[in-house]
Amino acid sequence: FSISTYNKMWRDAQKDLEIQLQKEREEFLQPEKDHVKAFKMLAVSYIKYLQIFRNLETAHDQLVHQQKRTVIRKVLDGVIGRILEMKQGMVELENSEFHYIDNILEDLKLLPVDIEVPIPRYFIKEKLEVLQQREKILDEILLNAGLQTQKPVKAMTFEEAIKMIQVAERARQGRCRAAFIKQIYLEEKRAGQTKPEVQMGPRPDDAATCIQKVWRGYIQHKKTEKMREEEMIFLGMNLPSHLKATSISQMHAGQANALQGEVQARHEDVFIRDKLKETEGPDIKETLQDQIGQCLIECRHIIGKFPDYPTKEAGGSTAMLSQKTPEQVAAELAAKKEMALQKKAQREKEEKGGKEKMKGKKTQKTGKKEEEEGWKMAPSNFLSIMEEGSSQYKAVWQNRDEGWDFLQDHDPELIKEEKREEVEEEIRVQVDELMQKKLENLKLAVDGEKSDKQKKGRKSEKVRAAMISLARRTIDSLYRELVEEGLLIKAKTVNLSDYVGEYSYLGTALRQVDKEPMPSLADVRQLIALYGILPLGSQTVHEKAPVVKALLLAGSAGVGKKMLVHAICTETGANLFNLSASNIAGKYPGKSGLQMMLHMVLKVAKQLQPSVVWIGDTEKIFSKGGQKAGEEMNPKRLEKILPKFLKALKAQDRVLLVGTTNRPFDANLKPFCKVYQKIILIPRPDYASRFGKYFEVLWKHIILQNGGAITNLLNISCLAKLSDGFTQGHIVWAVQAVLTELRLLQMTRKPLRTAEFLTSLARQDPVYKEEEEIFK
């Protein structure tokens with residue numbers, strides 16, 4: 001049943017995608033002069049793509065059929081990339097990272113939850129073993145370096161051990177004694193030798209009345225509580241009990257997901273590939289040998305001597321079997337090299353000339369074009385990917401009969417078609433080595449020529465030996481050094497969904513009266529997913545989507561900037577490098593030391609990608625003041641070298657620089673904004689984010705997370721109202737200060753009250769409006 005459900009979900013997503021692609025072909029080709037209309041068109045497409053993304057991601061995660069998941073994955077990456085392109089278009093139109101589209105959601109009859117960006121589960125699932133192994137190695141290095149201590153096993157003193165044994169022994173003896181007495185009592189009762197009971201205490205009637213009184217009071221108390229709870233549910237103030245508790249069906253679903261993961265991890269393609277190699281391999285090898293031998297003989301008849309065997313770089317025997325003479329193949333290769341060099345030189349010229357022209361004429365040209373022609377969507381790198389995936393779905397899967405496939409885990413015939421090329425390529429390499437030796441023997445026997453390839457081989461071996469001796473250290477040794485120096489740190493396990501916060505419902509209304517609203521925490525969460533998590537998680541998306549190399553998170557202390565950095569690492573399985581000024585102070589002194597440190601970080605980050613390079617209190621690096629500290633302790637050490645570090649990152653390198661700051665206004669803005677191309681303002685939580693009756697938002701979430709229980713005596717609405725101006729960090733501190741171990745033990749007989757948290761919160765300094773205005 002579940003397989004048919006997810007197959008249907010995939011079919012529906014493909015239909016929606018086809019409609020959306022058709023819409024793009026019609027609407028986005030024409031320039032649009034009205035920017036409001038253009039933005040609405042973009043926003044609607046963005047929402048539609050998000051819905052397709054969610055359905056495709058669910059189908060990809062839940063289906064176990066390998067070939068289906070491969071096709072879905074291709075389309076999924078295309079949809080993710082297109083969403084990022086749509087976001088870029090929206091940002092360029094509104095000149096703002098934050099968008100308020102509640103009116104569009106209302107027209108489409110959707111909820112704010114529907115535009116939450118889902119995080120694809122394959123980011124972690126596909127490399128879970130690698131991540132677990134890496135975490136184990138990291139823990140081992142930290143433990144050996146003394147930077148991390150294992151949780152101590154609670155040791156027991158000799159006296160405590162004796163006391164525990166005594167207690168257990170006395171309890172055992174008591175149980176044995178009770179069983180013995182009971183046996184005697186039963187024997188006496190059976191024999192009718194029991195003594196008549198002596199009446200002690202009050203009369204039985206009085207005792208029964210007392211018990212009835214207590215019982216009836218207890219029953220009435222429970223009835224009153226139930227009536228009050230039903231009334232609160234009826235008024236919409238509380239959730240029904242069946243929505244609060246985790247159902248048995250959810251537990252079964254979790255078990256099913258675990259089994260499904262095992263089925264997805266099966267390597268049926270390897271088994272089929274090996275079988276294919278065993279059955280068809282000898283025939284392929286024999287055919288290739290015959291073809292290559294015939295080609296060599298024909299070449300000798302035409303040229304008068306045996307040709308040189310093409311190298312691996314030239315394509316090996318494929319170059320010979322392309323129905324061209326060796327001379328033509330050599331000429332083509334030379335022409336290709338020349339073309340590549342010319343293109344490279346032309347690109348460099350265009351980049352240099354383009355930068356100079358763009359500095360002076362960019363604003364004038366874009367302004368004039370927009371006025372004359374109107375807005376037009378930029379060309380997409382992902383439409384072709386989505387169209388290709390869609391056509392592949394139509395050709396193979398749309399009308400495919402799968403009645404025979406009961407397990408729905410793989411299609412052996414499709415795997416054979418895919419793997420046959422791999423098997424042929426592998427056998428071709430072996431045949432090339434064999435035929436190369438055969439050709440040398442033929443040259444020696446027939447033409448009397450000695451191959452000079454051995455000499456060349458010796459030279460290349462010498463060069464290789466020299467290169468190995470001059471090569472840098474291994475990645476493992478660099479990784480170990482960075483961990484020991486405290487530059488590569490262990491990321492905390494925090495999901496993006498743990499960064500709780502509500503959607504802003506007044507954004508559109510405020511903008512209509514020319515007042516820029518403060519962004520909500522849900523908007524921040526969305527931007528982190530779009531700029532940080534999605535590009536880092538997928539190689540295809542990172543290479544072709546709009547590049548974001550550096551991200552700045554700016555906000556008051558306690559708004560969750562570091563938590564978001566750790567969330568990016570958790571959701572993508574990225575390594576976390578800490579290059580904060582306080583962390584690198586005194587390490588790798590001098591200019592050469594700093595260059596070596598960044599080179600090490602860059603090499604390890606690229607090799608073990610995805611990676612996040614975090615710079616805390618990044619405004620210190622770009623501070624306006626002069627150098628007060630020494631060279632080694634100077635926080636401005638990274639200022640000049642950071643742009644070079646970013647320049648060294650190519651499109652294929654999934655490395656993200658993330659800076660966090662609570663005083664961005666202290667920085668020298670020109671170099672600061674050159675490094676950080678995307679700046680995300682993180683505000684303090686608003687009332688909707690602090691108070692959540694139906695959703696676990698801040699107060700409720702943090703209290704439950706720390707072991708507390710929500711009762712009617714705890715007024716969350718009052719806490720949310722009175723905590724206006726305080727950040728998430730303040731609320732966490734206040735809750736943790738109240739919910740000590742002793743207080744948690746007392747909770748059953750002494751429920752939590754509002755005043756306890758307010759007393760703790762009052763000790764904190766809030767974020768004042770003046771500071772908020774400076775941030776804006």
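**Exercise 1. Compare the span of helix α8 (residues 204-235) with the span expected at 1.5 Å a residue.**

Solution. Helix α8 holds 32 residues, which at 1.5 Å a residue should span 46 Å. In this predicted model, the C-alpha atoms at its two ends lie 47 Å apart, which agrees with that expectation. The next step is to look just past the helix, where α8 is followed by Gly-236, a residue with a positive phi near 85°.

**Exercise 2. Determine how the length of helix α21 (residues 561-572) compares with expectation, and whether α21 is largely enclosed or not.**

Solution. Begin with the length: α21 has 12 residues, and the distance from its first C-alpha to its last is 17 Å, close to the 16 Å expected at 1.5 Å a residue. Next comes burial, for which the cut-off is a relative accessible area under 20%. The residues of α21 that are buried are Lys-561, Leu-564, Val-565, His-566, Ala-567, Ile-568, Cys-569, Thr-570, Glu-571 and Thr-572. Since 10 of the 12 residues are buried, α21 is largely enclosed by the rest of the structure. The cover over these buried residues includes the helices α5 (122-125) and α19 (521-537), together with the strands β2 (550-554), β3 (575-578), β4 (611-616) and β5 (655-661). Finally, the residue that follows α21 is Gly-573, whose phi is positive, near 70°.

**Exercise 3. Describe the packing of helix α6 (residues 128-145) against helix α17 (residues 475-484).**

Solution. Two packed helices are described by the angle between their axes and the distance between the axes. Here the axes of α6 and α17 come within 10 Å and cross at roughly 55°. That angle makes α6 oblique to α17, and the crossing of the two helices is right-handed. On the α6 side, the contact is made by Arg-134, Ile-137, Leu-138, Ile-141, Leu-142 and Ala-145, while α17 contributes Tyr-479, Arg-480, Val-483 and Glu-484. Sorted by class, the contact of α6 with α17 has 7 nonpolar and 3 charged residues, with no polar ones. For the spacing of such residues along a helix, recall that an α-helix has 3.6 residues a turn, so residues three or four places apart point the same way.

**Exercise 4. Apply the procedure to helix α29 (residues 728-738) and helix α31 (residues 754-761).**

Solution. The axes of α29 and α31 are 9 Å apart, and the two helices pack at an angle of about 120°. This makes α29 oblique to α31, and α29 passes α31 in a right-handed crossing. The contact draws on His-730, Ile-731, Trp-733, Ala-734, Val-735, Ala-737 and Val-738 of α29, and on Glu-756, Phe-757, Ser-760 and Leu-761 of α31. By class, these comprise 8 nonpolar, 2 polar and 1 charged residues.

**Exercise 5. Characterise the surroundings of Tyr-687 and of Ala-509.**

Solution. Tyr-687 belongs to helix α26 (residues 687-690), and with a relative accessibility of 34% it counts as partly exposed. Setting aside residues up to four places away in sequence, Tyr-687 touches Ser-717, Ala-720 and Lys-721. The C-alpha atoms of Tyr-687 and Leu-719 are separated by 9.9 Å, although the two residues lie 32 residues apart along the chain.

Ala-509, for its part, is found in helix α18 (residues 507-512), and its 40% relative accessibility means that Ala-509 counts as partly exposed. Ala-509 and Asp-102 are 407 residues apart in sequence, yet their C-alpha to C-alpha distance is 9.4 Å.

Definitions and conventions:
Residues numbered from 1 in each chain as written. Predicted model: local features only at pLDDT ≥ 70, side-chain atom pairs only at ≥ 80, totals over all residues. Heavy atoms only, no water. Axes fitted to C-alpha atoms, helices over the stretch in contact; angles between N-to-C directions. Helix = DSSP H or I, 4+ residues; strand = E, 2+ residues; numbered from the N terminus. Parallel < 35°, antiparallel > 145°, perpendicular 65-115°, else oblique. Left-handed = near helix turned anticlockwise from the far one by under 90°. Contact = heavy atoms within 4.5 Å. Nonpolar A, V, L, I, M, F, W, Y, C, P; charged D, E, K, R; others polar. Expected span 1.5 Å × (residues − 1). Buried < 20%, exposed > 50% of the residue type's maximum accessible area, 1.4 Å probe, protein only.
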